[in-house]
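Got your viewer open and a selection box ready? Let's walk through this one stop by stop.

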Amino acid sequence: MTKRIEGDIKWSEDEDHSPASEFRVEVLSDVGYPLFLKGRYNPLTSKLSYHIIHKGVGRIYGLDLGQDHKNPDGTYVGEKHKHRWTILEKDKVAYVPSDITALADTPVLVWQQFCLEAKIKHDGILQSPLPFQYDLFLP
Amino acid sequence: MTPCLEISANLSDLFTCSNVNGFVRIRTPFLYPDGDVIDIYLQEKNGQRTLTDLGDTLGWLRGQTIARKKTDKQESLLQDICLNHGIEQFRGMFFLRVDAQQSFATEVIRLSQALVRVSDLWFTFKTRAYESIVEEVADFLSDLKIPFDQNVKCKGRSGRTRNIDFQTRNSLRTSFIEVLSTGSKAAANSKVDSIVSTWHDLSHMRVGQQSIEFISLFDDTLDIWSAFNIQQLNDLSEISYWSQPEELKNLLCQTT
């Protein structure tokens with residue numbers, strides 16, 4: 001396992017102060033790839049995503065929960081899917097990951113399964129997303 | 001069945017509804033640029049229906065880039081989209097108060113089209129971050145009406161040809177600017193070493209009556225650079241940070 005993340009991860013609000021919480025961390029590797037991991041959880045829509053982004057290429061790998069996806073061949077993949085970057089189709093093809101069994105409203109459990117599958121060693125803990133105050137957003 | 005009858009009979013099948021967290025979720029046939037499906041949500045309160053994306057669209061955009069903030073250009077494009085489609089942006093969500101005079105289907109399509117346009121801002125992302133900041137610097141210099149050349153080649157004292165990102169010239173001074181941007185701490189040191197070498201090789205151009213000022217411009221939008229990196233270049237050039245464009249402007253416009 002050469003990819004690793006050091007330290008605890010805290011969620012914070014985004015630049016627009018939207019209902020979602022997010023985080024961004026650097027993914028360290030022996031080779032020194034410029035990799036970052038972004039997480040986002042929107043409790044209003046029950047959507048959760050963890051994306052690995054290469055600074056020179058864009059998103060190369062990502063898990064989405066609660067979000068449907070349509071592949072270029074016209075098939076719908078469903079609300080649990082993973083994008084994996086390929087030269088031909090970039091990140092437009094998704095598949096159903098059988099190794100992710102936790103639900104979108106349990107971001108910490110999903111994180112543990114995601115790291116395992118993506119072969120990322122996280123030396124720390126992912127904290128729970130920020131508490132959500134419904135009335136502040138949709139009074 | 002005629003095409004018109006076929007459309008009126010089947011078009012509604014493209015939208016499916018379900019209840020999610022107290023909202024009616026409308027799953028549209030429209031897609032984000034990566035193939036993810038665009039959902040919109042209906043809320044009814046005090047007799048007023050509101051359609052919104054609940055923040056998913058800008059969230060989708062944010063998930064494609066390591067940038068923490070949208071650029072001024074992207075913000076301006078967002079305002080244009082809101083104006084064009086008559087939608088409102090509030091706390092990262094797009095809203096549309098359903099007009100009772102309009103058909104509900106029209107309003108659903110109106111918001112959906114706006115969201116497609118917003119997600120298409122993805123095409124303005126430059127994933128190659130270095131190129132992106134160089135382009136931003138070029139835009140910045142153009143806006144200030146400071147004449148410049150890009151990718152200027154200069155022969156150093158070693159005989160090697162050095163590429164300089166920008167040469168600016170105004171009535172007060174001429175400057176060389178080297179842009180330092182990388183996504184990896186591992187690459188930061190070699191980037192600095194390369195520019196140290198360039199400034200050393202061209203150091204003869206800093207002396208004389210028509211001297212050229214050297215500026216090392218750090219992209220500090222990521223916490224990549226060490227104090228030592230900056231100190232190395234501080235000895236050979238003026239230091240500027242992309243997060244403080246006003247200071248860069250002052251540097252470029254001051255007398256030598």
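What follows is a short tour of a predicted model, going from empty spaces to single residues.

**Stop one: the enclosed space**

Start by selecting R40(A), S49(A), D64(A), G59(B) and W60(B). Of the 19 residues that line the largest cavity, these five sit nearest its centre. How many cavities of 30 Å³ or more are there? The count is 1, and the largest cavity holds about 250 Å³ of space.

Now show the secondary structure around that spot. From chain A, look at β4 (35-42), β5 (47-54) and β6 (58-65); from chain B, pick α2 (56-62). Each of these elements puts at least two residues into the cavity's lining. Colour the lining by residue class and you'll get 8 charged, 7 polar and 4 nonpolar residues.

**Stop two: the open space**

Next, select K69(B), K70(B), T71(B), E136(B) and W242(B). You're now at the residues nearest the centre of the largest pocket, which has a lining of 40 residues. The space in this pocket comes to about 1400 Å³.

Which elements should you highlight here? Go for β5 of chain A, plus α2, α3 (72-85) and α5 (129-143) of chain B, since each gives the pocket lining at least two residues. Linger on α5(B): with 8 residues, this helix contributes the most to the lining.

Try colouring chain B by domain as well. Domain 1 (3-126) and domain 2 (130-253) of that chain each provide at least three residues of the pocket lining. By class, the pocket lining splits into 15 charged, 13 nonpolar and 12 polar residues.

**Stop three: two buried loop residues in chain A**

Jump to A104(A), in the loop that runs between β8 (94-95) and α1 (107-118) of chain A. Is A104(A) buried or exposed? The relative accessible area is 12%, under the 20% cut-off, so A104(A) counts as buried. Leaving out residues up to four places away in sequence, show the contacts and you'll find Y41(A), S46(A), L48(A) and L65(A) touching A104(A). For a distance check, draw a line from the C-alpha of A104(A) to that of L37(A): the two are 17 Å apart in space and 67 residues apart in sequence.

Then move to T45(A), in the loop between β4 and β5 of chain A. T45(A) is also buried, with a relative accessible area of 3%. What does T45(A) touch beyond its neighbours within four places in sequence? Turn on chain B to see the contacts: V20(B), N21(B), Y41(B), D53(B), L54(B) and D56(B).

**Stop four: two asparagines in chain B**

Before you open the backbone torsions, a bit of background: most residues other than glycine have a negative phi.

Select N46(B), in the loop between β3 (37-45) and β4 (48-52) of chain B. Phi of N46(B) is positive, near 50 degrees, and this residue is not a glycine. N46(B) counts as exposed because its relative accessibility is 81%, over the 50% cut-off.

Finish on N151(B), which you'll find in strand β7 (residues 148-155) of chain B. Here too phi is positive, at about 50 degrees, in a residue that isn't glycine. Switch on the surface, and N151(B) comes up as exposed, with 52% relative accessibility.

Key. Residues numbered from 1 in each chain as written. Chains lettered and ligands numbered in written order. Predicted model: local features only at pLDDT ≥ 70, side-chain atom pairs only at ≥ 80, totals over all residues. Heavy atoms only, no water. 1 Å grid on protein atoms, 1.4 Å probe; cavity = no way out; pocket = protein on both sides within 12 Å on 5 of 7 lines; lining within 4 Å. Points joined across faces, edges and corners; volume = space filled by probe spheres on them. Helix = DSSP H or I, 4+ residues; strand = E, 2+ residues; numbered from the N terminus. Nonpolar A, V, L, I, M, F, W, Y, C, P; charged D, E, K, R; others polar. Domains from an automatic or database assignment. Buried < 20%, exposed > 50% of the residue type's maximum accessible area, 1.4 Å probe, protein only. Contact = heavy atoms within 4.5 Å.
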